[in-house]
2 protein chains.
Amino acid sequence: MQWEFVGSGAALLTMFGFVPQILKIYRTESVADVSLFMLLQFFVGIFLWLLYGIHIQDKILIVSNAVSFLTLIVAIGLYLKYRKNK
Amino acid sequence: MQWEFVGSGAALLTMFGFVPQILKIYRTESVADVSLFMLLQFFVGIFLWLLYGIHIQDKILIVSNAVSFLTLIVAIGLYLKYRKNK
C-alpha cells in the first residue's frame, strides 16, 4: 500500500472536514441542531495543535491545522449569524 | 511554556470533539441541521489517520484516532436513528 496516499488522504479529508457543515449552514441558514460547543471545542483544540505544530516545526501539522482553524472561524461566524433563525 | 500540556490539551479536545454534538443529538433527537457528509468525511479521514498511525506505530495517533472513530460511529448511528424527526 502507498502509505503516503493514506496519510495525505487522511490529512485532506480531516482538514476540510467542516466544509460540508459550513455549506449546509450557508444553504439552510439554520443551525438549531448544530452544537456550538462542538465548534468551540475544536476551535481551541485545533489552535493548540497549531501552536504545537509550530513548536515542533512540523509543516504538515501547521498547514492542516491552520486550514481547519480557518474553516472553524467561518463555521462559528455562520453559527452566530444564523443562531436566531429557528 | 509546557509544550507537553499544549499537545495533550490539543489531543484531548479534538479526540472528544464530537461528544458535545452527540449529547445535543441525544437530548434533542433532532439532526436536521447536522451535515451527514461532515460526519462521513471525518469517519473516512479519521479511519485513514488510524491506519497511518498503525503503519508508523505512533501510539498517540492510534489512540486519539481510535477514540474519535468510536465517537463518529455513535454520532452517525444517532444521526441515522433521528434523521426522520423534523
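Between chain A and chain B, about 3,200 Å² of area is buried, 69% of it from carbon and sulfur atoms. Buried area here is the accessible area, taken with a 1.4 Å probe, that two parts lose on being put together, summed over both. On chain A's side, A:Trp3, A:Asp33 and A:Gln41 supply 22% of the area buried against chain B, more than any other three residues.

A word on the source. This is a predicted model, in which local features need pLDDT of at least 70, side-chain atom pairs count only at pLDDT 80 or more, and totals for chains, interfaces and linings use all residues. Residues are numbered from 1 along each chain as its sequence is written, chains are lettered from A in the order in which they are written, and side-chain values use heavy atoms, without hydrogens and water.

The contact (heavy atoms within 4.5 Å) takes 33 residues from chain A and 33 from chain B. Salt bridges, meaning a side-chain nitrogen of Lys or Arg within 4 Å of a carboxyl oxygen of Asp or Glu, number zero between the chains.

Next, the symmetry. Chain A superposes on chain B by a rotation of 180 degrees with 0.0 Å of shift along the axis, RMSD 0.0 Å; the fit is by least squares on C-alpha atoms of residues with pLDDT of at least 70 in both. The two copies are therefore related as by a two-fold rotation axis. Both copies use the same surface: 100% of chain A's contact residues recur in chain B.
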